[in-house]
Amino acid sequence: MSKSLEGVLVKKAYARESYTEQQLEEFMKCADPDDGPMYFMDNFFWIQHPTKGKMAYHPFEYQTRLIDTYHNYRYSISMMPRQTGKSTSAAGYLLWFAMFKPDSTILVAAHKYAGAQEIMQRVRYAYESCPDHIRAGVVSYNKGSIEFDNGSRIVAQTTTENTGRGMSITLLYADEFAFVRPTIAKEFWTSISPTLATGGKAIITSTPNSDEDQFALLWKGANKMEDAHGNETEVGVNGFRAYRSYWDEHPDRDEQWANEQRAALGEDRFRREMGCEFVMAEETLIAAAKLMDLTGIEPIRKTGQVRWYKDPQPGKIYVVALDPSLGTGGDPSAIQVFEANTTTQVAEWKHNKTPIPEQIRILVDIVKALHDVTQDPQSIYYSVENNTLGEAALLTIEQYGEENIPGYFLSDSTTTSTGGRRYRKGFNTTNKSKLSACAKLKTLVETNKMTIKSRRLVSELKNFVASGTSFAAKPGETDDLVMSTILSIRMLQVLQSYHQELDNQMADFADEQIEPMPFVALF
C-alpha cells in the first residue's frame, strides 16, 4: 500500500511550521556546510540493525573518516570490507545532501536492482525516523525516487551503459561498483563522466573484485598521488580521493571472528570480502592467488599488429597457433607463439576485422620471421583450429601451398566410430579435448612452467571462468587469446612424441623423484 503524503511517515510539502529556539539551533547545525553532515548523522540518523532493530547511528572512528571523505572531496572512492556500514553511511549522507543542498539531483546506481532498492529503503527509513523540524517536505515519495520541496531529488537505478545519461547530476553514488559487469562499468563511467564535468560530485564504494575492472582502475589511479613535479597530493592522478578501512577497525571484530570467517568463507573469499584484496570472485581456471601474481609486460617490439615479447633464438622449437574467426567485427581471431623448450610466450596477435585469407598471411609472416632466425623449418610448427570457420582457414592454407610455408603443419588425429584413426589437417576442439588442455594449462601456469608475458592474455585469463561443464569468458568478455593458447598446449602435447627433450617441460611429475616401493620379506 502506498504511503500517503499527508500521513505521519512523511512531512507535507511547503507546510508552515513553528520552531522552538532549540529546534532552530539544531536545524542550523545540520545545515552547516562544514560540520552539518556529521552532526545530522550523529543526532538524527536512525538505522535498522539486523539483530538490534531500530537504533541511532553513532559512527565508529573509521566511519567518521569515511563521511569526512564523502563530504570534503569532490570525487571519492572507498574500498571497505563487507558489512562495515559503507552503504548505510552513504544513505545517511545522501539524505543530508538532498535536504540541505537545495535543487540537487542525486543518482544512486547499484550493480543490481535489488541493491538500488535496498539503499533507497535505508534512505526512506532514515527520513521517516527524522523529526519534522529537521527534515524537508516531500513532493513525491516512492520506491525508486524521492522528490523534496526544496527542489532536490534522489533517484535509484540499476547500473547500465545508459544510466544517468541526459541527467544533470549533482551527486552520483555508485554502490558495489566492482561487481558491475566490466563492459557495462566501463561504458557507464564513459557515459556519466561528462555529466559530472560541470561540477558534479561522485562517491564510489565497493569491496574489491577483479584487479582489472573499472573500479580497480579508478582505485589505482586514486592511489597515484603525485603531481607532474613529483610532489605528493591529496587526490590521485584521476582526481579521486581514495579511502580504505580494515576489518579489525570494527569494534566487534577480533582474531577469533576472523578465524571463524576464514573457516566459513575459505581463504580466498576472506581475503577478498574482508581483507579487501583483489582476488577474483568467480571460479577462474587459474587459481585466483596465482592470477594476482601475473602482471605481464609491454611488447619489446611490434611488426604490424603482431606483438613480440621475446626474440626468437636459433636451436629452439616454436609453435604457432591460430584460432580463426569470420573477421566481420564480431569474435576476434587470435594467434599465439610459444617457445616449446621453455613454454615461454614469444608473440601474439588478435583482431576482429581481419578476413580469413589475411589471418593466414599473418600466420605465414610470423612463421617466416621465426625461420629467418632459426634457419630450420623442422623447428617450427603451426596449426589452426579446424572447427566450423577453420575449414575456410584450411582451404586458404591449401591454396597458399604448404610447400611455401617454412614449417610443419601439425595436426591431431581423431578416433572413428569403428575404432580406427582418422587424420585431418589442424586440431578439432571438443569439450573433452578443451577440458584436457585447460587442465594442462592450469598445471603449467600454477607450477611456473609456463611464462605468460602478454598483459592482454593475463587479462583474458582473469575473465576465463567456469561455465557449465567447461570454461569460457565472462559474459561480455572475450577468450580468443586463451583459446589460441589452449591450441598451443595441444600442439606441445603432440610434439612430446617427436621431441623427447620436451618431456621435462610438459610432464606433470618430470621433476619429482619417485621412490621405489619397499621390499618386505615375509618369513
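How much area does the protein expose, and what share of it do carbon and sulfur atoms supply? The protein exposes about 25000 Å², of which carbon and sulfur atoms supply 50%, with accessible areas taken from the Shrake-Rupley method using a 1.4 Å probe, and, for residues, only the protein chains shown counting as cover. This is a predicted model, in which local features need pLDDT of at least 70 and side-chain atom pairs count only at pLDDT 80 or more, while totals for chains, interfaces and linings use all residues. Residues are numbered from 1 along each chain as its sequence is written, and side-chain values use heavy atoms, with hydrogens and water left out.

**Overall form**

- The protein contains 16 helices and 21 strands, these being DSSP runs numbered from the N terminus (H or I of at least four residues for helices, E of at least two for strands).
- Its radius of gyration is 30 Å, against a value near 24 Å for a compact globule of 523 residues, where the radius is taken over C-alpha atoms and the globule rule is 2.2 Å times the number of residues to the power 0.38.
- The C-alpha trace spans about 95 × 75 × 55 Å along the principal axes.

**Burial and contacts**

- Of the 523 residues, 50% are buried, a class defined by under 20% relative accessible area, with exposed meaning over 50% and partly exposed in between (1.4 Å probe, protein chains only).
- Among contacts with a separation of 6 or more, 67% join residues 24 or more positions apart, a contact being heavy atoms within 4.5 Å.

**Charges and salt bridges**

- There are 56 positive and 68 negative side chains, and the centres of the two sets lie 3 Å apart; Lys and Arg count as positive and Asp and Glu as negative, without His and the chain ends, and each charge is placed at NZ of Lys, CZ of Arg, CG of Asp or CD of Glu.
- A search of the whole structure finds 22 salt bridges, each a side-chain nitrogen of Lys or Arg within 4 Å of a carboxyl oxygen of Asp or Glu.
- K11 and E17 form a salt bridge with their closest N and O atoms 2.6 Å apart; K11 is buried at 9% relative accessible area, whereas E17 is partly exposed at 33%.
- D365 and R361 meet in a salt bridge at 2.2 Å, N to O, and both lie in helix α11 (residues 356-374), four residues apart, or about one turn.
- K442 pairs with E446 in a salt bridge at 2.7 Å between the closest N and O atoms, the two being four residues apart in helix α13 (residues 431-446).
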